[in-house]
Amino acid sequence: MVGRPCREAVPGIAAQGYAALVDNVFASGKPFIGHQMLVKVPHLAGEPETDRYVDFVFQPLFGADGKVSGVFVQGNDVTEQKLAQKALQASNERWKFAIEGARDGVWDWNVLTNELVVSNRYKEILGHGDEEVLGRYEDWASKIYPEDRHTAIESLQDTVQGGPPFHIEYRLRCNDGQYKWVLSRGVVVARDENGRPTRLTGTITDISEKKQTEEIIWRHASFDYLTGLPNRRLFRDRLEQEVRKAHREGDEVVLMFIDLDRFKEVNDLLGHDAGDKLLAQVSRRLTSCVRDSDTVARLGGDEFTVILTDLHGHPHFEQVAQKIITQLAKPFWLEGDTAHISASVGITLYPADGFEPEGLIRNADQAMYAAKHAGRNQFRFFTKSMQDEAQRRIQLTQDLRNALAAEELFVHYQPVVDLDSRRITKAEALLRWNHPTYGLVEPTQFIPLAEESGLIHEIGDWVFTQAASCSERWGENSGIPFQISVNRSPVQFLVKASVDWTGVLKSKGLPPHSIAVEITEGLLLNTSPNVAEMLYRYRDAGIQVALDDFGTGYSSLAYLKRFDIDYLKIDQSFVRDIEKNEGSRAIADSTIAMAHRLGLKVIAE
Ligand SMILES: Nc1nc2c(ncn2[C@@H]2O[C@H](COP(=O)(O)OP(=O)(O)OP(=O)(O)O)[C@@H](O)[C@H]2O)c(=O)[nH]1
């Protein structure tokens, strides 16, 4: 090739304009430098050419006479570099497209010069036009919502110091002075020779809508829909926060547990809507008894709590408790009806009674329970003995679970004498518990535990089968049917019985009136369809129904007829002093007269 004209040596390349370039340099005597010039390199005949990019230098060579004697051509193949650049450009285009498509704003911060450049979309998110809004880092920092500023700056600094990429949600001030939630992300894109970041680039996304949705979800999950008060979940959070704060500041926290007294009666007598209205009014009255910084919450049903904070050695909680009791004992006007209720309040103190929120809630609940048992409409402070009592209740409930299997329960039969024939024709089945440690436990102590724990269903069915067997035995012995009455707790009416009482009687070949079901007056006021359905089922099956403790509650005559009650039992408080007390005698007389006119029989306890 050497010594031959370039048109002959590399004809394919020379023809691409390179021979002309050589001629130009030769003629002008001026060098030529070309960057990334395309050269189509020919291959064997029939094969396609390949594209190469070459950095060229065409240097004229001068002879002794000062004239151009030749041209020195040097080519440096930079194809790889060119392709890499092309790829990068394409990728940048794609990113630009993606970011703009996502409607994100872009920022770029030069750490060395402190220059901050933001895209138009960034400005648009903040409600600005083309004008410069953020020229420096400080401009950005000054626009952050004060409460978020520290965390946002710290997070950015952390990235600069070598931490993870910047990723944080915070609020930025817009053109109209309002704050907007944004999500900002950023990474280090350049470093100096010591590895220190010199440039960070990132995006901001407008997340105000997402935040609004989150806020709505949070409100639903944290506030009670009926009263607008914090619910159980938010109450727990607040209590934890307040206990932590009091611990830091050496302060106290007072927790009150408030349960309305006989609220069920409002629902039963005036309807659920009226009950709802009363609950809403209770929440307003409670809020009016405390300061804005205190918390009033509704745990559910008719249970409320109050957290008193910032006491700073001036405990005024007894006055607050008394105020609550007084406020809630005042009548409630419920669109045409008036309701009277009261409240039982349990009080516990952090740190005197406990350190853990969970324990404090338990204490306040136990104190409230004690206030109820002491006659309602009052407050009680938590004491150690309440804890012992609660412990005993838990223990008894546990023991009760085994009592049936361990044969500790037994049924005692109290005879009922027919005053006309002077014969014992009936008996009442009374449940007793012979506890291995405590001896005979009163039904008033363990029946409420059985009701609370749901054990009443199993125990109640067991009492019924015992009574049915006894009725069968005694009926056979005497030759006439013998009726035994069995108490059925209101709780047993709430779910479908697992044992079909009428079916059991049928299978034993006993007439349906072998068993009478004793219910309490309050049950008749229950509006649950289960109650009415079950009572009608007894009536249709021929099982008699007796009303216990008549005279102590509502004594509503309408219900006696509606549910076809067969017997009334006059409460023993009237019967006991019937000979000495005129009033009791009058009540007993009129009850008997009324019952007989209604076709009901009467039993005196
Ligand atoms: N109207 C209404 N009633 C509710 C709501 N939640 C629960 N309840 C009722 O509130 C009553 C609470 O029952 P209790 O506290 O056991 O009954 P109480 O009559 O207050 O009895 P004591 O507390 O022993 O005095 C139940 O009858 C529930 O059905 C509600 O959102 N609205």
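**Strand pairing, cavities and ligand shell in a predicted model**

In strand β7, S184 is the bridge partner of I168. The structure described here is a predicted model. The strands concerned are β6 and β7 (residues 179-191), which run antiparallel to each other and are paired over eight bridges. Together β6 and β7 make a hairpin in which five residues separate the two strands. Within that turn, G177 adopts a positive phi of about 90°.

S184 also belongs to the lining of the largest cavity, as do F166 and Y170. Three cavities of 30 Å³ or more are present in the structure, and the largest of them encloses about 110 Å³ of space. Besides S184, F166 and Y170, its lining is made up of W107, W109, L116, V118, Y122, L134, Y137, W140 and L156. Elements that contribute at least two residues each to this lining are β4 (105-110), β5 (115-118), α5 (137-143) and β6 (166-173). By class, eleven of the lining residues are nonpolar and one is polar, with no charged residue among them.

A second space considered is an open one. The second largest pocket holds about 830 Å³ of space. It is lined by 34 residues, of which V416, V417, D418, V602 and I603 are the closest to the pocket centre. Two or more lining residues come from each of β16 (409-418), β17 (423-435), β19 (483-487), β20 (515-520), β21 (544-550), β22 (567-570), α22 (582-597) and β23 (601-604). Of the contributing elements, β16 supplies the most, namely five residues. The lining of this pocket comprises 19 nonpolar, seven polar and eight charged residues. Charged residues are thus present in the lining of the second largest pocket, whereas the lining of the largest cavity has none.

The ligand is surrounded by 16 residues, and the closest of these are R262, D276, D302, K372 and R376. Polar side-chain atoms of two residues lie 2.8 Å from the ligand: that of R376 from an oxygen atom, and that of N267 from a nitrogen atom. The backbone is also involved, with an N or O atom of L260 placed 3.1 Å from a ligand oxygen atom. On its own the ligand has 660 Å² of accessible area, and 69% of this is covered by the protein. Two or more residues of the shell are drawn from each of β9 (253-261), α9 (263-270) and α10 (272-288). The largest share belongs to α10, which provides four residues. Sorted by class, the shell consists of nine charged, four polar and three nonpolar residues.

Two backbone features were found in the loops on either side of α12 (357-373). R376, one of the residues closest to the ligand, is located in the loop that connects α12 with β15 (379-381). Its phi is near 70°, which is a positive value in a residue other than glycine. In the loop between β14 (342-350) and α12 lies P351. The peptide bond that joins Y350 to P351 is cis, and its omega is near 5°.

How values were computed. Residues numbered from 1 in each chain as written. Predicted model: local features only at pLDDT ≥ 70, side-chain atom pairs only at ≥ 80, totals over all residues. Heavy atoms only, no water. Near = heavy atom within 4 Å. Polar contact = N/O pair within 3.5 Å; in protein donor to acceptor, adjacent residues only side chain to side chain. Areas by Shrake-Rupley, 256 points an atom, 1.4 Å probe, with all protein chains shown as cover. Nonpolar A, V, L, I, M, F, W, Y, C, P; charged D, E, K, R; others polar. 1 Å grid on protein atoms, 1.4 Å probe; cavity = no way out; pocket = protein on both sides within 12 Å on 5 of 7 lines; lining within 4 Å. Points joined across faces, edges and corners; volume = space filled by probe spheres on them. Pairing = 2+ DSSP bridges.
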